[in-house]
Number of protein chains: 2
Amino acid sequence: MEKAISYAKQNHDRFIEELFALMRIPSISALPSHAADMVRCAEAIRERLLKAGADHAEVMPTTGAPVVYAHKTTDPKAPTVLIYGHYDVMPVEPLELWTTPPFEPEIRDGKIWGRGADDDKGQGFMHIAAFEALVAGGELPCNVKFLFEGEEEIGSPALNVWCEEHKELLAADLILVSDTSMASLDCPTVTCGLRGLAYLDMTVTGPDRDLHSGLFGGAVANPIDVLARLIAGLHDENGHVTIEGFYDDVVELTAEERAEIAKRPFDEEAYRNSLKVGALQGEAGYTTPERTGVRPALDVNGIWGGHTGEGSKTVIPSQAHAKVSMRLVADQDHNRISELFIRHMERHTPASVKVEVTPSHGGAPYMMSPSHPAYKAASKAIEDVLGKPALPFFSGGSIPVISKMSALLGAKALLLGFGLGSDNTHSPDENYPVENFEKGIETIIRFYRYYFG
Amino acid sequence: MEKAISYAKQNHDRFIEELFALMRIPSISALPSHAADMVRCAEAIRERLLKAGADHAEVMPTTGAPVVYAHKTTDPKAPTVLIYGHYDVMPVEPLELWTTPPFEPEIRDGKIWGRGADDDKGQGFMHIAAFEALVAGGELPCNVKFLFEGEEEIGSPALNVWCEEHKELLAADLILVSDTSMASLDCPTVTCGLRGLAYLDMTVTGPDRDLHSGLFGGAVANPIDVLARLIAGLHDENGHVTIEGFYDDVVELTAEERAEIAKRPFDEEAYRNSLKVGALQGEAGYTTPERTGVRPALDVNGIWGGHTGEGSKTVIPSQAHAKVSMRLVADQDHNRISELFIRHMERHTPASVKVEVTPSHGGAPYMMSPSHPAYKAASKAIEDVLGKPALPFFSGGSIPVISKMSALLGAKALLLGFGLGSDNTHSPDENYPVENFEKGIETIIRFYRYYFG
């Protein structure tokens, strides 16, 4: 693998330039107005994969944004790895909080700045670079398939059906993904768990029109107030979610498992300070890593109603709205959880309003045991590059398609992510350290060797 | 007064056209971008007052939108009436709910449609028309002053100081205002009470940046959730406001007063149906007219935070915001109530967030006894025109400047409004029946005769 590693080092500057070219395309999957950018980004990745050494690369239509599929067959009898990544990015509002424009990437203070620097253009590109290096060095020990999708940030609505229709094409022995974070380069981790997601939109409707709050205030239920009560009622005073049946399928941790999680250094004070909050808040009886890693959570991601502009308008609005998401852990099923949420709302809505809840998207939680050979090979590669073996990490994030693809293909997924908590994924000033990009590529090359070599 | 009444009838079509000209000016006081429209509207009214017969009319600067002042002295020894009105209007969003554009007035089904049709261009114009008719007929029995302001819908922030500085200029024996509603032309009412207002903006700040709700969800207080809890906590299960000391200064009604209020026919079922709600909701132990007329109320007029656009964004926002207003009754003081609100928030805010509350504007409640001679003269004029004497009505709305001006000038204000509950003031499709406009003018002419004649 030495040739590949040295090739990667020699071509570092070009790799950065090529990543920048992808980051300049504003491939925001949540906004239909960016549909043409999705196609443009997919085309750019297809061309890049061919250049890297793929036998074949293709932009394939789905019912939504297209996917990029590519493969290289080294030896039909060798095992096959399926690299999964996504070329879509999150919206960029509020724009005024970006130091430099989100789609004009640059390097500053040793970091790549811009939307997608980490999530997932930067991390996804490491795999293209590692693949090119292995092909160039004649050291690729397995068959490789690539799948880059364009709807990960909106829950991969098209990919599930597409994967089912292309099950044969995707057949692989292992799914390899870099779309997660590690604690730090000093404390490398491999993600062994992902939370699932159930995302819902809700609307509370009161009077059939906006009312003058002076003439009607006090006599009519205010949809904002009812929405606030419904939201407030979703947690009890111990931070438990109150939805009936919500915890029924949650796998409670054993004392051993909790001790394992507690091994990873975690500085609660530093965490709190990094967020500039006066206190942390969460489910009673669990530590912060447990609250984000192995316990479900419910958050309101957006709320609006009435007059939200400048000035003051004395109005009782006809409607108030919220976007609510629940992060799920094994073995919660997002469809069942959405149903429980709807039933809870039906039960708690007063007669003075109507509440409409619409499930938006969701995905199952995912787990890989740290005793799996792929985890062990990854830990060894990490130790080579970073000087320390990996610790298992249960992430709070969701990549809904992972559990789906894993189940569909009958292959485990290794979540070999190099992001950091400070990368501001989904926020203004997203960034990705150049060092992580470089060491990520080398780690991936070494992983190929230890697992497939 | 017959000459004036007949003059008004002959000039009806012209009056409507002249009102339309004023309604075409988008004088939205809440939006700084409309500053030029405020000046344009004030100028148009000044010219109209001169045409109607004012000795003098002037657009006078304030620290905000200008006021229009005019006067006509008939006899220095005669009593003086001060007509108060406002030429500013509310914002017009959501625009898509208007049948015809808000600033393109038209008559349809016997009603004038457009922003300001009722509140307060339509009602204010009735006084210009009545004045012109009385002058033309040589029947004006008193001196008249006009004051049209341009900031009523944002709480008259400039007018209070301006009135103090122009106390001599405004000196009058009675203040006459048409900016309220009556139950219907079949059940005419005169407004004897107005609720006061305390309007506040609040912001809940959690983490110093938007966070990925997967990575952080469950461990960090979500500002939307905290805001929802704070709002939900503002009412108890009986619909009482929970702010400590909120009811301390509320004048509780006697059994006789409550019986008087109950005399006015009120069809709770029709009221509920007109709003298309499944049930009414309010303070336990009070009827709907009491809840809106003589009891204070708290409403959230706007709320926003997180992702409020299309698509789904999995974010814990750094901030969440609300606009909250409280409608006050005698003898609540809006400054004290704002302080109590702030103290309540300080007491109930968890350590995990910061809450900032900024009082925006406010005003005192107002009352006129139905035994006042001006009320009786108005009731007689109403009986002439509509066939029935007036009933006293305690309105839930606020005209903060009324109580201020009344106290400042030592003169009671008669609130002789001709609006209807169906006029959609502050909402899309604001309208004002042509019949109310016509009969309002005649009633005003007759009131002059009975009170000053």
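Here a biologist asks about a predicted model with chains A and B, and a modeller answers.

Biologist: Let's start with the two copies. By how many degrees is chain B turned to lay it on chain A?
Modeller: This is a predicted model, and the two chains overlay with an RMSD of 0.1 Å. The shift along the axis is 0.0 Å. The copies are thus related as by a two-fold rotation axis, and the turn is 180 degrees.

Biologist: What share of the interface residues of chain B are also interface residues in chain A?
Modeller: The contact takes 76 residues from chain A and 78 residues from chain B. The copies meet through the same surface, because the share of chain B's interface residues that are also interface residues in chain A is 97%.

Biologist: Which element of chain B gives the most to the side that touches chain A?
Modeller: Several elements of chain B give two or more residues to that side, including helix 8 (223–232), strand 13 (319–328) and strand 14 (354–363). By type, the residues on that side of chain B divide into 30 nonpolar, 33 polar and 15 charged. The top giver, with nine residues, is strand 11 of chain B.

Biologist: What does strand 11 of chain B do with strand 11 of chain A, and which residue stands opposite A:Ile303?
Modeller: Strand 11 of chain A, residues 297–306, is joined to strand 11 of chain B by five bridges, and the two run antiparallel. Opposite A:Ile303, in strand 11 of chain B, stands B:Gly305.

Biologist: Which strands are at the edges of the sheet that holds those two?
Modeller: The sheet is open and has eight strands, in the order 14(A)-9(A)-13(A)-11(A)-11(B)-13(B)-9(B)-14(B), with antiparallel pairing. From one strand to the next, the twist averages 20 degrees. Each edge strand pairs on one side only, and the two are strand 14 of chain A and strand 14 of chain B.

Biologist: Which helix of chain B lies across strands of both chains?
Modeller: Helix 12 of chain B, residues 334–348, packs on the sheet and touches strand 9, strand 13 and strand 14 of chain B. Its direction makes about 170 degrees with that of strand 14 of chain B. The helix that lies across strand 11 of chain A, together with strand 9, strand 11 and strand 13 of chain B, runs at about 15 degrees to strand 13 of chain B, and that is helix 8 of chain B.

Biologist: Now chain A. Are helix 3 and helix 4 of chain A roughly parallel or roughly antiparallel?
Modeller: Helix 3 (residues 35–52) and helix 4 of chain A have axes 9 Å apart. A:Arg48, A:Leu49 and A:Ala52 of helix 3 meet A:Ile128, A:Phe131, A:Glu132 and A:Val135 of helix 4, and these contact residues divide into five nonpolar, no polar and two charged. The packing angle is about 25 degrees. Angles under 35 degrees count as roughly parallel, so helix 3 and helix 4 of chain A are roughly parallel.

Biologist: Is A:Ala136 buried or partly exposed?
Modeller: A:Ala136 is found in helix 4 of chain A, which spans residues 121–136. A buried residue needs 20 or more C-beta neighbours within 10 Å. A:Ala136 has 17 inside 10 Å, so A:Ala136 counts as partly exposed.

Biologist: Back to chain B. How many of the residues of strand 8 are buried?
Modeller: Strand 8 of chain B runs parallel to strand 16 (residues 391–394) of chain B, joined by four bridges, with B:Phe393 as the partner of B:Thr191. Strand 8 also pairs with strand 15 (residues 366–367) of chain B in the antiparallel sense over two bridges, where B:Gly193 has B:Met367 as its partner. Strand 8, residues 189–194, is mostly covered, and the buried count is six of its six residues.

Biologist: Which helix of chain B lies across strand 4, strand 5 and strand 18 of chain B?
Modeller: Those three strands form an open antiparallel sheet in the order 4-5-18. Strand 4 and strand 18 each have a single partner strand, so one side of each is left without a neighbour in the sheet. Strand 5 and strand 18 of chain B pair over three bridges, with B:Trp113 opposite B:Asn431. Running at about 60 degrees to strand 18 of chain B, the helix across them is helix 15 of chain B.

Note on methods: Residues numbered from 1 in each chain as written. Chains lettered and ligands numbered in written order. Predicted model: local features only at pLDDT ≥ 70, side-chain atom pairs only at ≥ 80, totals over all residues. Contact = placed C-beta atoms within 7 Å. Nonpolar A, V, L, I, M, F, W, Y, C, P; charged D, E, K, R; others polar. Pairing = 2+ DSSP bridges. Buried ≥ 20, exposed ≤ 12 C-beta atoms within 10 Å, placed from the backbone. Least-squares fit on C-alpha atoms with pLDDT ≥ 70 in both. Axes fitted to C-alpha atoms, helices over the stretch in contact; angles between N-to-C directions. Parallel < 35°, antiparallel > 145°, perpendicular 65-115°, else oblique.
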